[in-house]
Amino acid sequence: MNPPRYILLTAAKDEETCIAETLQRVVSQTVKPIAWFIMDDGSKDRTPAIVESFAAKHPFIILQTSRARGGRNFGSQYKAIMAAYETAKSLDFDYLGVGDADQAPEREDYYEQIFREFQQRPRLGMASGFIYERERGVWKCRQGNSPDAVAGGTATFRRTAFEEIGGYTPLHHGGSDSLAQYEVERAGWEILTRPDLHIFHYRPTCSAGGIWRGLFRAGMEDASLGYHPVFELVRCARRLFYRPPFGGLVRWLGYVWWSLRGRQPSVKEETVAFIRSRQMRKLRARALPRGWQPAGLIGAAK
């Protein structure tokens, strides 16, 4: 079996505290990318210099720079990712990985294991491992991990699936990664998560700009994707027991705030219908006794 040909895409902005660790873990992979495009989105710290130091030793690392796209926001991040893809798409490759600058695989054979899944499953369109975050110096499984939700920060695509959905749609409040998963599923592709493949996340989820602001924004993100209100309420209620305490309530307030301001979902009506259908199926399945779940839930909505 021929080694998989893949590229990596990363958008980076002011990541000097963790990007060296990310770079080291990727260059140590048993199966390396043919190219890794790192788009520096107007960093004001040493991020570009750190990337350049690794690129000098590893020619497959390609640093690209741009003017800052409106500050640190998720729309800016995925505009940078798609700009990097425009540069990369002329290359000969079958898969692509999209990785946040503050995330990196724990195992050196992470990508080798992921591509083995792709090669064994012709309809697999998108895959990842589980996110782990550090708590008091110990790496622990992130509470929001789910076997039917690909980790957005470090996702791997089959190229044909990525191009079929048109890549990422930049969304100001976030959710581009979740939207990509839904569109991959809506197009008839499978998704996969491997809980045994750990991805270290060096910056806690929703921590940029403060944890409470991040949770409120996450609620607005859910509303912008058209999440069903019943599903969102159940989801936020479950997260009342997550850290920090009452974080689910703050997320729910963000969801409600979006609706009270009269805003509509930021995605197509048919996508909203697909997302809500999946979410309600998931709720019904969880309400049934074990063994009664309807078939086909692999790939259900987050």
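Arg251 sits in helix α9, which covers residues 247-260. This is a predicted model, so everything I say about that arginine is computed from predicted coordinates. Is Arg251 buried or exposed? Its relative accessible area is 8%, and the cut-off for buried is under 20%, so Arg251 counts as buried.

What is Arg251 in contact with, once neighbours within four places in sequence are left aside? The list is Leu215, Ala218, Gly219, Asp222, Glu232, Arg235, Cys236 and Arg239. Asp222 and Glu232 are both on that list, and so are two other arginines, Arg235 and Arg239. For a sense of distance, take Asp14: it is 237 residues from Arg251 in sequence, and the two C-alpha atoms are 26 Å apart.

Several of those contacts take us to helix α7. Helix α7 runs over residues 211-224 and has 14 residues. From first C-alpha to last, α7 reaches 20 Å, close to the 20 Å expected at 1.5 Å a residue. Of its 14 residues, 10 are buried, so α7 is largely enclosed by the rest of the structure. Leu215, Ala218, Gly219 and Asp222 are among the buried ones, and these four are also in contact with Arg251. Also buried in α7 are Arg217, Glu221 and Ser224, among others. After the helix comes Gly226, with a positive phi near 80°.

Helix α6 is a similar exercise. Residues 176-186 form α6, and 10 of its 11 residues are buried. The buried set includes Leu179, Tyr182 and Val184, but also Asp177, Gln181, Glu183 and Glu185. Just after α6, Gly188 has a positive phi of about 95°.

Now the strands, starting with β6. It spans residues 124-135, and 10 of its 12 residues are buried. Which way does β6 pair with β9? The pairing is parallel, over nine bridges. One position to look at is Ile131, which stands opposite Ile199 in β9.

The other two pairings of β6 that I have are antiparallel. Strand β7, residues 138-141, is joined to β6 by four bridges, and Glu135 stands opposite Val138 there. The hairpin of β6 and β7 has two residues between the strands, and Arg136 takes a positive phi near 55° in it. Strand β8, residues 154-158, is joined to β6 by two bridges, with Ala127 partnered by Thr156.

That brings in another arginine, Arg158, which lies in β8. At 13% relative accessibility, Arg158 counts as buried. Its C-alpha is 5.0 Å from that of Gly125, although the two are 33 residues apart in sequence. Again leaving aside neighbours within four places, Arg158 is in contact with Asp94, Tyr95, Phe118, Arg121, Pro122, Arg123, Leu124, Gly125 and Trp189.

Phe118 is a useful link to the nonpolar interior. The largest nonpolar core has 29 residues, and Phe118 is one of those with the most contacts inside it, along with Tyr6, Ile19, Leu23, Trp36, Ile38 and Ile61. Elements giving two or more residues to this core are β1, α1, β2, α2, α4, β6 and β9. Which element gives the largest share? That is α4, with five residues.

Trp36 is worth clicking on. Sequence neighbours within four places aside, its contacts are Leu8, Leu9, Thr10, Thr22, Leu23, Val26, Phe60, Ile61 and Ile62. Apart from this core lies another, of 28 residues, with Tyr78, Ala88, Val98 and Ala155 among them.

Last, the whole chain. There are 10 helices and nine strands. Along the principal axes, the C-alpha atoms fill a box of roughly 55 × 45 × 40 Å. Why call the chain compact? A compact globule of 302 residues would have a radius of gyration near 19 Å, and this chain has 19 Å, so the two agree. Buried residues make up 55% of the 302. Of the contacts between residues at least 6 apart in sequence, 79% join residues at least 24 apart. The exposed area is about 14,200 Å², with carbon and sulfur atoms supplying 54% of it.

To recap the two arginines: Arg251 in α9 is buried at 8%, and Arg158 in β8 is buried at 13%.

Technical notes:
Residues are numbered from 1 along each chain as its sequence is written. This is a predicted model: local features need pLDDT of at least 70, side-chain atom pairs count only at pLDDT 80 or more; totals for chains, interfaces and linings use all residues. Side-chain values use heavy atoms; hydrogens and water are left out. A nonpolar core is a set of buried Ala, Val, Leu, Ile, Met, Phe, Trp, Tyr and Cys residues joined through side-chain atoms within 4.5 Å. Buried means under 20% relative accessible area, exposed over 50%, partly exposed in between (1.4 Å probe, protein chains only). Contact means heavy atoms within 4.5 Å. The expected span of a helix is 1.5 Å times one less than its number of residues. The radius of gyration is taken over C-alpha atoms; the globule rule is 2.2 Å times the number of residues to the power 0.38. Accessible areas come from the Shrake-Rupley method with a 1.4 Å probe; for residues, only the protein chains shown count as cover. Two strands pair if DSSP finds at least two bridges between them.
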